[in-house]
Amino acid sequence: MASRVFALLIGIDDYKSGRIWNLEACAHDAQRMKQWLMQDLQVPKENIALLLNQEGTKRRIEDTFMSHLVNNPAIAKGDALIVYFAGHGSTLRAPPDWCEGKLGSVQVLCPYDHDTKGPEGRVAGISDRSLLAMLAELSLIKGDNITLILDCCFPKAQLGSSARDRRFVRYTPTLKATPEDLFLGLWRGAVGRSFRGEFGFFQDDCQSHVLLAACRPGEKALEWKEGGKFTSELLTVKDVLPLHQMKYSELSEHLAKGLTHIQQHPVCVGRRKDRVFLNGVPFVADASLVPVNGEKDRLRLEMGAMHGVVEGTEFSVHDHNRFGSINPSLDSFRVYEVHPTWSLARRKSMNKPAGRGSWARITRWNSRTPFRVYVKRTCSSILRRLFVRNKNSEAELDGIPVKEGLNIVQVETSAKADMSVGVHTRDVRVQNLDHLVPPTAHPLIRIEKDRSRSGVILSEAARFHMHLHRTNPAKPFHESLGMEIFRVDPHTQRRVGPNMLVDGTAAISHSEGARYAVVLHNHSDTDLWPYLAYMDSNGVDIQLLYHPQPSHPIPPLRKRSYLDIG
């Protein structure tokens, strides 16, 4: 499923001007935010624009804001958009006619070239008035699901000149740029737009976005070598609190609790601050979690023999079924009775306190079918055997973690293998060699070298193999079921041409916009509840194309009848 999250992340430690004190952890914070988005929220790399240090000039930030967010055709209205800035904040005296109401200081974000001469005059940062106008334009085109995160500050009192006063504070005085430079660098969309300048970035009635700021106006945003205090707390909180049901205002309160000891109070402002974080967009349902119900020590799992569950299959129970939100295991169960579509399980240990959850994840399939893997000898694997010792307690296959219960067996030759694996310096290369898969569907797949991701791919391949080879020895419907595949006219929904499935094989060439229908025939005297799955050997992926509605009392495939799917 494509992620509906897009982000512009900016982290600036090193400044062009020698008058600005450099910071230590802003670029690292932006990279940590990117890692969180990619790993926890599964945001693709191409959905994230990252500008670090000299990349973060005023012009480059504004241009990337337009190209990556405003004019990005991949973004639909309502997608979750994040603008994150870690670096220095600053203030300048407001020029005449700058804003409505009381004239005071102008809050600005300091890009890499802040307070230096540029083609349009001296760079006076990205002002509050400019950025709010940019976000207003973005919200008109892409919707108001926008989060602005600022890890910088605008303190009331000027900092001292000593290293002790300045070193860990994300603020710098602006020494050369003048109030007139603010007008020269003003965003074109802000001209003629009303603006309440006395509140700066902290506009509580703002409708375009929600602001999460590192501290109140007038306070100091602190950092240490490990990262900004605010960003570090945010990345800590996401590992202990369920973000999928957390409102912005509640998140801000939790962040404040973790920073009270340093007198830094995070702030959340905007009319949508009582909305769930990112409007819940990234926290989609996780298909690997299935419903369970029952008593405390015995549960009914809504998976059975048709899903690969056998006696001894084990699963953990969880509170919810959402991606990207902390969801620890509450208890463990082992299946003792298996039915076609459901199973019964008991708690693995009666000595531990019982945990109650409504969702289950399989932790051990207890597969009877061996999955044979051939490990290719590469320079990387030879060096690892010579010099690297496994410090982990878990089983490994040439450095790739192996999940127990999948019956993965290493073999000596590729001729005996269902899959080959080659661990190289920069990537892991896998190839499906299963004899039930046509030779044309044996592409070499390259995976970015990542221990956890490689382990997931190996586990998914073993699960694919398990389902591919599962059969019912009794063959209760042998020669009683049939299947046909037809091409369908997308306008009339009528079949076009003959049955494409001949002797168990259908040759289907890719065609843009083509549609197909599957017809299941039941020649038996028994009503059936059929399930239709697509198994993609190229990516060892399994997709359920059709399943009957559980609430429907009548079997969809009646005896001596057929079912048209698609």
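The following questions and answers look at helix 6 and its packing against helix 1 in a predicted model.

Residues are numbered from 1 along each chain as its sequence is written, and side-chain values use heavy atoms, without hydrogens and water. Because the model is predicted, local features need pLDDT of at least 70 and side-chain atom pairs count only at pLDDT 80 or more, while totals for chains, interfaces and linings use all residues.

Student: How many of the nine residues of helix 6 are buried?

Tutor: Buried means under 20% relative accessible area, computed with a 1.4 Å probe and protein chains only. In helix 6, the residues that meet this cut-off are Phe230, Thr231, Ser232, Glu233, Leu234, Leu235 and Val237. Helix 6 is therefore described as mostly covered, and the number of its buried residues is seven.

Student: Are helix 1 and helix 6 roughly parallel or roughly antiparallel?

Tutor: Helices here are DSSP runs of H or I with at least four residues, numbered from the N terminus. Helix 1 (residues 26-39) and helix 6 (residues 229-237) pack with their axes 10 Å apart and at an angle of about 15°. Because angles under 35 degrees count as roughly parallel and those over 145 as roughly antiparallel, the description of helix 1 relative to helix 6 is roughly parallel.

Student: Which residues of helix 6 make the contact with helix 1?

Tutor: Contact means heavy atoms within 4.5 Å. On the side of helix 1, the contact is made by Asp29, Arg32, Met33 and Trp36. On the side of helix 6, the residues making the contact are Thr231, Ser232, Leu234 and Leu235.

Conventions:
Axes fitted to C-alpha atoms, helices over the stretch in contact; angles between N-to-C directions. Helix = DSSP H or I, 4+ residues; strand = E, 2+ residues; numbered from the N terminus. Parallel < 35°, antiparallel > 145°, perpendicular 65-115°, else oblique. Buried < 20%, exposed > 50% of the residue type's maximum accessible area, 1.4 Å probe, protein only.
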